[in-house]
Amino acid sequence: MGEERVNMIVVREFDPRKDGVGVEEVERRCEVGPGGKLSLFTDLLGDPICRVRNSPAFLMLVAEIGEEIVGMIRGCIKTVTCGKKLSRTVKNNYSYNVINNNDLSKPVPVYTKVAYILGLRVSPSHRRMGIGLKLVHQIEDWFRQNGAEYSYIATENDNHASVKLFTDKCGYSKFRTPSILVNPVFAHRVPVSNRVTIIKLTPHDAELLYRRRFATTEFFPRDIDSVLKNKLNVGNFLAVPRGSLKSGSWAGPDNFLSDPPESWAVLSVWNCKDVFRLEVRGASRVKRTFAKTTRVVDKALPFLRLPSVPAVFRPFGLYFMYGLGGEGPRAAKMMKALCGHVHNLAKESGCGVVVTEVANREPLKLGIPHWKMLSCAEDLWCIKRLGEDYSDGSVGDWTKSPPGLSIFVDPREF
């Protein structure tokens, strides 16, 4: 009987004209969290493709039995940095430029085409039928057809069913364990040190700064310009010690990088609030009342700057900080100032939390405010090489490479 049911499974491309209701029902039944306890519900605001829509290439598949949708999966493809090498030429979007003699030892990025799987869902009533495996295999076929060399997924370390599916049955291996850091947005503004100057960068200036300083960071997207120019990008911000700019004001990335201050930090902000909303469900009345009381007190007495629990028990949005980088002995302090600035932007926008994801050993992690109870110390990324006929290139098999200090988390698929 089980075999007959498996043979009835049809996997096809998502059709927004007729699949919306069925997909929403599967999402509702797959709320994150054990039954009877706290669970995290995601409202995709009526757009099931929202989490991949801004990627260079994307696809969503659904699995159905009869006319009932019982599972789905999303995937996207992009070109990212997988390593670095020494070279006498640098390739930009337009041409090859010869590096001067002072830059001969400067590493340049090695790119690869990578696919990302997210949003795999199987209705609880149809699990252990091979539906998840079939969805993964189908989307991997699409990845290969479009030239992707690697595929990776992100999941919770304690999501044993997901980890087992990908590592035991699909050939993925554990690869990176970044940290998701979550900070609540309070009813009061967070003070930002008056010893720090925060500069808002244009997308063009931010692109040049990122490419020249962080292009060799693992998973750095080659189309960073598309990310920075996207309408969901709130802004790009640079923090420097007050009075440290030689020209007295921002004079462009060329002048800045030719003689940078002793310490500085940079980040960009993505508006996830207009893509999806989250909601924590299953909390007791006592917990909900306590959280509400902290917010009431914080709102009534903002000058006290009391920490308050955000309104996570009703739908809330978030700002995502990405492209975190910096240099110098006080870079973490510069980053803390930037995080405070982003908190205040998020407060004005009505967000519930500010989130970022960084490498486990990221040096700037010390400057990122977050609540441990809301954060995830170790997210789990698993990776797979899609074809053995690919060249090892300059970095060899990426799946076997050791982790670096930093990692670039693309906001388009967070």
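**Contacts, salt bridges and surface patches in the predicted model**

Glutamate 27 sits in helix H2. In this predicted model, the residue has a relative accessibility of 10%, so it falls under the 20% cut-off and counts as buried. Leaving aside residues up to four places away in sequence, glutamate 27 touches Leu44, Met72, Arg74 and Arg121. Glycine 71 is 44 residues from glutamate 27 along the chain, and the two C-alpha atoms are separated by 9.0 Å.

Helix H2 covers residues 20-29, and arginine 29 is found there too. Arginine 29 has 34% relative accessibility and therefore counts as partly exposed. On the surface, arginine 29 joins Arg127, Arg128, Lys164 and Lys169 in a positive patch. Helix H2 thus gives a place to glutamate 27, which is buried, and to arginine 29, which is partly exposed.

Zooming out, the protein has nine helices and 17 strands. It runs to 414 residues, and 50% of them are buried. What share of the contacts with a separation of 6 or more comes from residues 24 or more positions apart? That share is 82%. The accessible surface adds up to about 20500 Å², with carbon and sulfur atoms holding 52% of it.

Isoleucine 9 gives a good look at contacts of this sort. The residue lies in strand S1, which spans residues 9-13. With a relative accessible area of just 5%, isoleucine 9 is buried, because anything under 20% qualifies. Its contacts, again not counting residues up to four places away in sequence, are Ala63, Glu64, Ile65, Met129, Ile131 and Lys134. One of these, alanine 63, is 54 residues away in sequence, yet the C-alpha to C-alpha distance is 6.4 Å.

Salt bridges come next, and a search of the whole structure turns up 24 of them. One pairs arginine 385 with glutamate 149, with 3.6 Å between the closest N and O atoms. This pair links distant parts of the chain, 236 residues apart: arginine 385 belongs to strand S17 (residues 379-385), while glutamate 149 is in the loop between helix H3 (131-145) and strand S8 (150-156). Are the two partners buried or exposed? Arginine 385 and glutamate 149 are both buried.

A second salt bridge brings together the side chains of arginine 211 and aspartate 225, at 3.4 Å from N to O. Here arginine 211 comes from helix H5 (residues 203-214) and aspartate 225 from helix H6 (residues 224-229), so the bridge ties together parts 14 residues apart in sequence.

The loop between H5 and H6 also holds phenylalanine 219. Its relative accessible area is 1%, so phenylalanine 219 is buried. The backbone is worth a glance here: phenylalanine 219 is not a glycine, but its phi is positive, at about 75°. Most residues other than glycine have a negative phi. Leucine 45, likewise not a glycine, has a positive phi of about 55°. Leucine 45 is placed in the loop between strand S2 (39-43) and strand S3 (57-65). At 40% relative accessibility, leucine 45 counts as partly exposed, whereas phenylalanine 219 is buried.

Back to the charged residues: arginine 412 and aspartate 410 meet through their side chains in a salt bridge, 2.7 Å from N to O. Arginine 412 and aspartate 410 are buried. Their bridge does not stand alone, since salt bridges with shared partners join Lys78, Asp223, Asp410, Arg412 and Glu413 into one network.

The surface also carries a nonpolar patch, made of Val297, Leu301, Phe303 and Leu306. Together, these residues have about 330 Å² of accessible area. Where does leucine 301 lie? Leucine 301 is in the loop between helix H8 (285-300) and strand S15 (318-327). With 32% relative accessibility, leucine 301 counts as partly exposed.

Definitions and conventions:
Residues numbered from 1 in each chain as written. Predicted model: local features only at pLDDT ≥ 70, side-chain atom pairs only at ≥ 80, totals over all residues. Heavy atoms only, no water. Patch = residues over 30% accessible without salt bridge, like charges linked within 9 Å, V, L, I, M, F, W, Y side chains within 5 Å. Areas by Shrake-Rupley, 256 points an atom, 1.4 Å probe, with all protein chains shown as cover. Salt bridge = Lys/Arg side-chain N within 4 Å of Asp/Glu carboxyl O. Lys, Arg positive; Asp, Glu negative; His and termini not counted. Charge placed at Lys NZ, Arg CZ, Asp CG, Glu CD. Helix = DSSP H or I, 4+ residues; strand = E, 2+ residues; numbered from the N terminus. Buried < 20%, exposed > 50% of the residue type's maximum accessible area, 1.4 Å probe, protein only. Contact = heavy atoms within 4.5 Å.
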